[in-house]
Amino acid sequence: MTDSPRTLPRSPYWGVPVARAIPFIVTALVITFSSNHSAQVGLLAFGVFALTSGVLTAVLSWRTLTERSLRVNFLIQGVSGIVFGALALALNGGGLGFLLFCATMNSAICGFLELYAGLRNSTNPAARDWAITGALTVVFALVLIFFPTDPVFAVGMLGAYAAIVGLLLVIAGLSLRWGVQAPATPTRIEKTP
């Protein structure tokens with residue numbers, strides 16, 4: 001009798017976190033290597049990030065998730081990103097107050113929805129990653145609300161948040177891609193004389 005480990009099927013959702021990570025990482029790199037941290041640059045960076053992230057989240061989650069409530073949850077997150085990203089790009093001269101409004105509203109909506117999805121669907125392999133990503137996004141919104149800000153601080157925090165969540169999403173996606181090792185039922189191998 002031998003015990004052989006069995007790999008559970010890979011989650012078809014694994015590509016979604018990896019794809020979602022791309023706008024986060026690109027935003028972090030752009031902000032890091034930009035010497036201009038004005039509100040206008042922040043609105044441009046946030047607008048492109050939120051619009052791209054919103055489209056990816058809405059479309060890819062809708063295609064890969066099977067549970068209707070999760071699909072609607074991530075669709076709402078995607079629509080929020082598209083709306084606030086488009087507003088940030090359209091009203092690029094809005095200044096620091098408008099940057100804080102767009103980033104805070106989008107982060108609060110998306111963060112609470114993703115945190116809720118993670119806590120509500122504990123049997124889903126991606127639930128823990130959703131909860132962590134949602135919690136980090138809510139913390140980002142709270143930092144923008146409660147800490148005294150200037151454009152350099154706000155844009156810098158956007159870059160730091162994007163870097164942390166981008167790396168988390170890459171790790172989450174690759175973890176789902178590789179599957180989970182689970183103990184298998186022992187199988188009997190008969191030897192023929």
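Of the 193 residues in the chain, buried ones make up 40%. Keep in mind as you look around that this is a predicted model. The chain contains six helices and two strands, and if you follow it along the sequence you will meet them in the pattern β-α-α-α-α-α-α-β.

A good place to start is the pairing of helix 2 and helix 3. Helix 2 covers residues 39-64 and helix 3 covers 68-90. Where these helices pack, their axes are 7 Å apart and the angle is about 155°. An angle over 145 degrees counts as roughly antiparallel, and helix 2 and helix 3 are therefore roughly antiparallel to each other. The crossing of helix 2 past helix 3 is left-handed. What kinds of residues make up the contact of helix 2 with helix 3? The residues there divide into 17 nonpolar, eight polar and two charged.

Let's turn to the charged side chains. How many salt bridges does the count come to? The answer is two. One of them joins the side chains of Glu-114 and Arg-20, with an N to O distance of 3.0 Å. Glu-114 belongs to helix 4 (residues 95-120) and Arg-20 to helix 1 (residues 15-32), so this pair ties together parts that lie 94 residues apart in sequence. Are these two residues buried or exposed? Both Glu-114 and Arg-20 are buried.

The side chains of Glu-67 and Arg-120 also meet in a salt bridge, at 3.1 Å from N to O. Glu-67 sits in the loop between helix 2 and helix 3, while Arg-120 is in helix 4, so the pair links parts that are 53 residues apart in sequence. Here the surroundings are more open to view: Glu-67 has a relative accessible area of 32% and is partly exposed. Arg-120, at 43% relative accessibility, counts as partly exposed too.Next come the cysteines. How many disulfides does a search of the whole structure find? The search finds zero. For a disulfide, a pair of cysteine sulfur atoms would have to lie within 2.5 Å. If you would like to look at individual cysteines, try Cys-102 and Cys-110. Cys-102 has a relative accessibility of 0%, so this residue counts as buried. Cys-110 has a relative accessibility of 12%, and this residue counts as buried as well.

Finally, here are two pairs of residues to trace through the model. Leu-70 has its place in helix 3. With a relative accessible area of 4%, Leu-70 is buried. Leu-70 and Tyr-116 are 46 residues apart in sequence, and the distance between them in space is 9.9 Å, C-alpha to C-alpha.

The other pair begins in helix 6, which spans residues 151-178 and holds Gly-173. Is Gly-173 buried or exposed? Its relative accessible area is 0%, so Gly-173 is buried. Where does Gly-173 stand relative to Gly-15? These two glycines are 158 residues apart in sequence, and 6.1 Å apart in space from C-alpha to C-alpha.

Notes:
Residues are numbered from 1 along each chain as its sequence is written. This is a predicted model: local features need pLDDT of at least 70, side-chain atom pairs count only at pLDDT 80 or more; totals for chains, interfaces and linings use all residues. Side-chain values use heavy atoms; hydrogens and water are left out. A salt bridge is a side-chain nitrogen of Lys or Arg within 4 Å of a carboxyl oxygen of Asp or Glu. Helices (H or I, at least four residues) and strands (E, at least two) are DSSP runs, numbered from the N terminus. Buried means under 20% relative accessible area, exposed over 50%, partly exposed in between (1.4 Å probe, protein chains only). Axes are lines fitted to C-alpha atoms, for helices over the stretch in contact, and angles run from 0 to 180 degrees between N-to-C directions. Angles under 35 degrees count as roughly parallel, over 145 as roughly antiparallel, 65 to 115 as roughly perpendicular and the rest as oblique. A crossing is left-handed if the near helix is turned anticlockwise from the far one by less than a right angle, and right-handed if clockwise. Ala, Val, Leu, Ile, Met, Phe, Trp, Tyr, Cys and Pro count as nonpolar, Asp, Glu, Lys and Arg as charged, and the others, Gly among them, as polar.
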